[in-house]
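Student: Please take a close look at the metal site. Then place that site within the chain as a whole, working outward from it.

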Amino acid sequence: MAFRLATTNDRATLVTNDGTFDLERHSDGGFSDDPMEAIARHDELHAVAEALAGKTPDGPFDASTAGPCSPRPQKAFGIGLNYRSHAEESGMELPANPLVFAKFPSCLSGPESDVIVFGETTDWEAELVVVMGRRARDIAEGDAWKSIAGLTCGQDISERRTQFASKPPHFDLGKSFDTFGPIGPYIVSLDQFEDPADLAISCDINGERRQDARTNDLIFSIPALITYLSSICTLEPGDLIFTGTPAGVGAFSKTFLKPGDTITTTIEGIGSMTNRCVAKQG
Ligand code: ZN
């Protein structure tokens, strides 16, 4: 049975159609409250989720109490120019190898967390995010899906001026301001999807559709990314891969985020998250 794993009030929580279930209590202590342990033991969560049928939930799922569904990954990768549609709108050549940058894990936040607008060129990027499920080194493409705990929604918020502040550009810092990595609302296991490589993905700004695509437009597929990254770094459970964004980011229409805006990110089979933009204090 499929599972949905969230972090609510800093505790690992399974979410079903009935509501939320604290993992430690509903596994009779078989699991701790640590979401990172739950991710590493994701194979066992299917049975725990199945045993919840008929039980009384702790309450409804409340995304406002949710933190990042992988709260302490060792690494969070971003992939640039990974949709054909986005590479075309940027006028750049299709990359021959994945264009990889780091989103430092300190930028991660929850599915309803506020996004601080740090500059006049702060932009949205709706993305499908892969959550690794096991230690992975030199993974062949044919084995890549088996190394994944699940999928979630993400926003690769980007401050464009910082991203391109030096030459050659160095993306990491412009994409790692505090609050620039909302993910969630939960990790959805792969057996929830008919085809996890072909999902509708969209982004609405203040209710207006700005990005609308399918993940089958990826230039480097999820298995190709895992093979490439794991040939260089050992991947660990909970590590994140922001797989790239489709056409429709603000940079090409010169419309950027401002305090008061709302960003809604939706992926088929996972759900939605809405983040509000706020001004930097002080
Ligand atoms: Zn991105």
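Tutor: A convention comes first: a residue is called buried under 20% relative accessible area, exposed over 50%, and partly exposed in between. The model is predicted, and what follows is computed from its atoms.

The metal is a zinc ion, and its protein donors are Glu125 (OE), Glu127 (OE) and Asp156 (OD). These donors lie 1.9 to 2.1 Å from the ion. Water is not among the atoms, so the site may look incomplete. Along the chain the donors follow the spacing E-x1-E-x28-D. The pair Glu125 and Asp156, 31 residues apart, links distant parts of the chain. Glu125 sits in the loop between strand 9 (122-123) and strand 10 (126-132), while Asp156 sits in the loop between strand 11 (148-155) and strand 12 (158-159). Both Glu125 and Asp156 are buried.

Next to these donors comes a lysine. Lys175 touches Glu125 and Asp156, and its other contacts include Ile157, Ser158 and Arg160. Also among the residues in contact with Lys175 are Phe101, Lys103, Cys107, Gln163 and Phe180. Lys175 belongs to the loop between helix 5 and strand 13. Although it is in a loop, Lys175 is buried, because its relative accessible area is 2%. The loop that holds Lys175 also holds Pro168, and its borders are helix 5 (160-163) and strand 13 (181-188). The peptide bond from Lys167 to Pro168 is cis, with omega near -5°. A further cis bond runs from Gly184 to Pro185, with omega near 5°, and Pro185 lies in strand 13 itself. For context, most peptide bonds are trans.

The remaining donor, Glu127, leads to another part of the chain. Ile267 touches Glu127, and also Leu128, Thr152, Cys153, Leu199, Ala200 and Ile201. Ile267 lies in strand 17 (residues 262-267). It counts as buried because its relative accessibility is 1%. Its partner Thr152 is 115 residues away along the chain, yet the C-alpha atoms of Ile267 and Thr152 are separated by 8.1 Å.

Strands 10 and 11 also meet a helix. The buried residues of helix 6 pack against strand 10 and strand 11, and also against strand 5 (76-80), strand 6 (99-102) and strand 16 (240-242). Helix 6 (residues 222-230) is largely enclosed by the rest of the structure, because 7 of its 9 residues are buried. Those buried residues are Ile222, Pro223, Ala224, Leu225, Ile226, Leu229 and Ser230.

Now the whole chain. The protein has 6 helices and 18 strands, and 55% of its 282 residues count as buried. Among contacts between residues at least 6 apart in sequence, 77% join residues at least 24 apart. The C-alpha trace spans about 55 × 45 × 30 Å along its principal axes. A compact globule of 282 residues would have a radius of gyration near 19 Å, and the 18 Å of this protein agrees with that. The accessible surface comes to about 11800 Å², of which 50% belongs to carbon and sulfur atoms. On the charge side there are 24 positive and 41 negative side chains, and the centres of the two sets lie 4 Å apart.

Some loop residues contrast with the buried donors. Ala53, in the loop between helix 3 (42-50) and strand 4 (66-67), is exposed because its relative accessible area is 65%. The C-alpha atoms of Ala53 and Ala251, 198 residues apart along the chain, are separated by 46 Å. Asn9 is found in the loop between strand 1 (4-8) and strand 2 (11-16), and at a relative accessible area of 55% it is exposed. Asn206 is found in the loop between strand 14 (200-205) and strand 15 (208-214). At 43% relative accessibility Asn206 falls in the class between the two cut-offs, so it counts as partly exposed.

The backbone of these two asparagines is also worth a look. Most residues other than glycine have a negative phi. Asn9, however, has a positive phi of about 45°, and phi of Asn206 is positive too, near 50°.

Definitions and conventions:
Residues are numbered from 1 along each chain as its sequence is written. This is a predicted model: local features need pLDDT of at least 70, side-chain atom pairs count only at pLDDT 80 or more; totals for chains, interfaces and linings use all residues. Side-chain values use heavy atoms; hydrogens and water are left out. Donors are N, O and S atoms within 2.8 Å of the metal (3.2 Å for Na, K and Ca); water is not among the atoms, so sites may look incomplete. Helices (H or I, at least four residues) and strands (E, at least two) are DSSP runs, numbered from the N terminus. Buried means under 20% relative accessible area, exposed over 50%, partly exposed in between (1.4 Å probe, protein chains only). The radius of gyration is taken over C-alpha atoms; the globule rule is 2.2 Å times the number of residues to the power 0.38. Contact means heavy atoms within 4.5 Å. Accessible areas come from the Shrake-Rupley method with a 1.4 Å probe; for residues, only the protein chains shown count as cover. Lys and Arg count as positive and Asp and Glu as negative; His and the chain ends are not counted. The place of a charge is taken as NZ of Lys, CZ of Arg, CG of Asp or CD of Glu. Lists of a residue's contacts leave out its neighbours within four places in sequence.
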